[in-house]
Amino acid sequence: MSIHFKGQDFLSYSRQNEWGIEQPFNFTLDNDTEVAVWDSGVICFTPKVITNSDIILSSGIHGNESAPIEICNDFISQIIDGKLSLETRVLFIFGNPASMNIGQRFIEENMNRLFSGAHSSAPGLVNRERIRAKKLEQYVERFYCSEIEGRERIHYDLHTAIRGSKNEKFAVYPFLHGAKHDKRQLQIMAACGVNTILLSNSPTTTFSYFSSVKFNAHAFTVELGKVRPFGENDMTRFIEVKETLKAMLSASDMGLTAFDPADFNLFKVCRAIDKHQDDFEFYFADDVVNFTSFPIGFKLATEGDIQYKIEHQGEAIVFPNANVANGNRAVLMVVPTTLDENL
Ligand SMILES: [Zn+2]
């Protein structure tokens, strides 16, 4: 609870002011950490002593993905109460407080398809999620560009998935345009309990790709498990990620183990199947988990006269969703890969 947020924690305060606050404001903690509230769900901490990385932890880009929102809100409360002392600048972002309030992924449009300028492409800034995505881009820029150049930039965009996963926690590594994948970042993911990494093969309109391509941040979309309602998460499943991120924020030992390729399940995207018609339909059950593979020739989906079949050995599904709007991705298809190809 905080006097600065009308006796509430920052999450409740943000949810009460779902699309914005009247005035940005600042205050200073007893340990001299500067706190700046830039917007609803957007809070920046600058401690007196700072080490060499600027960290963004975003959550709630999809409003019903409660676990990472609760984890970040806990961090924010602990920092404000003086229980967690920072040695890094950190920007916390709760992406879509309004959709949290209705317990849905989004109000009008999936915000994680609106970055890298997609918010303003046709039909333009026509809904509040588009306007919010544009503002979030500006906050990321303000955070990374207001400080000394050359500092390491990190952005973990934290989510939970609609489906369960064969590999409960996994991360999407944005397309790096030929640059090397970073081993230390993979070690940090492993310390968080995230051993499955999906290497993206093209530009996208996700939040993590935006920070990666625009600001050269080490960025990931991190999926921490399955979506559950607020208050119903088994927080013991998140101990590793909480402890690792906490150590990162306070610049203490994250307990990283030596890099070993055998520690990781690595996949690369081989194609995306888009939905074009209302009758798009999958031929596997709703409870089939992410990273499930099927034999070559297996009929995955149909729409109209078109059939989509498995084309490659080991080809597996990720993020299947037949309910997306026409023109959007219905499922991402991935195949196993090795580190030698990609590091
Ligand atoms: Zn999500």
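Here are legends for several close-up views of a predicted model.

**View 1. The zinc site.**
Start with the metal. Three residues hold the zinc ion here: His-62 and His-159 each use their ND1 atom, while Glu-65 is listed with two OE donors, and the distances run from 2.0 to 2.3 Å. If you read along the chain, these donors follow the spacing H-x2-E-x93-H. Glu-65 sits in the loop between β4 (53-59) and α2 (66-80), whereas His-159 belongs to strand β6 (residues 152-161), so this pair ties together parts that are 94 residues apart in sequence. Glu-65 and His-159 are both buried.

**View 2. The angles around the zinc ion.**
Why is the arrangement called irregular? The 4 donor atoms subtend angles of 58 to 144° at the zinc ion, and that spread makes the arrangement irregular. To count as tetrahedral, four donors need all their angles between 85 and 135 degrees. For reference, the ideal angle for four tetrahedral donors is 109.5 degrees.

**View 3. The sheet of 12 strands.**
Now for a sheet with plenty to trace. Its 12 strands make an open sheet with mixed pairing, in the order β1-β2-β3-β5-β4-β6-β9-β7-β8-β10-β15-β14. At the edges you'll find β1 (25-28) and β14 (316-318), each pairing on one side only. Going from one strand to the next, the twist averages 25°. Pick out strand β10 (residues 265-274) and strand β15 (residues 329-336): they pair in the antiparallel sense over 7 bridges. In this pairing, Lys-268 stands opposite Val-335 in β15.

**View 4. Helices α2 and α7.**
Which strands does α2 lie across? They are β1, β3 (42-46), β4, β5 (89-94), β6 and β9, and α2 runs at about 135° to β5. Over in helix α7 (residues 239-249), the buried residues include Val-241, Leu-245 and Met-248, and Lys-242 is buried too. The cover over the buried residues of α7 includes β4, α2, β5, β6, α5 (183-191) and β9. After α7 comes Ala-251, whose phi is positive, near 50°.

**View 5. The sheet of 3 strands.**
Here the order is easy to follow: β11-β12-β13, forming an open sheet with antiparallel pairing. β11 (281-282) and β13 (306-309) are at the edges with a single partner strand each, so one side of each is left without a neighbour in the sheet. β11 pairs with strand β12 (residues 299-303) in the antiparallel sense, over 2 bridges. Look for Phe-282, which stands opposite Ala-301 in β12.

**View 6. Backbone details in two loops.**
The loop between α3 (97-101) and α4 (128-145) contains Pro-123, and the peptide bond from Ala-122 to Pro-123 is cis, with omega near 5°. Ser-116 is found in the loop between α3 and α4 as well. What is its phi? For Ser-116 phi is near 55°, a positive value in a residue other than glycine. Ser-116 is partly exposed, with a relative accessible area of 35%.

Another loop, between α6 (207-215) and β9 (218-226), holds Asn-216. Phi of Asn-216 is positive too, near 60°, and this residue is not glycine either. Is Asn-216 buried or exposed? Asn-216 is exposed, with a relative accessible area of 67%.

Definitions and conventions
Residues numbered from 1 in each chain as written. Predicted model: local features only at pLDDT ≥ 70, side-chain atom pairs only at ≥ 80, totals over all residues. Heavy atoms only, no water. Donors = N, O, S within 2.8 Å, 3.2 Å for Na, K, Ca; no water. Tetrahedral: all angles 85-135°; square planar, octahedral: opposite > 155°, others 65-115°. Helix = DSSP H or I, 4+ residues; strand = E, 2+ residues; numbered from the N terminus. Buried < 20%, exposed > 50% of the residue type's maximum accessible area, 1.4 Å probe, protein only. Pairing = 2+ DSSP bridges. Axes fitted to C-alpha atoms, helices over the stretch in contact; angles between N-to-C directions. Contact = heavy atoms within 4.5 Å.
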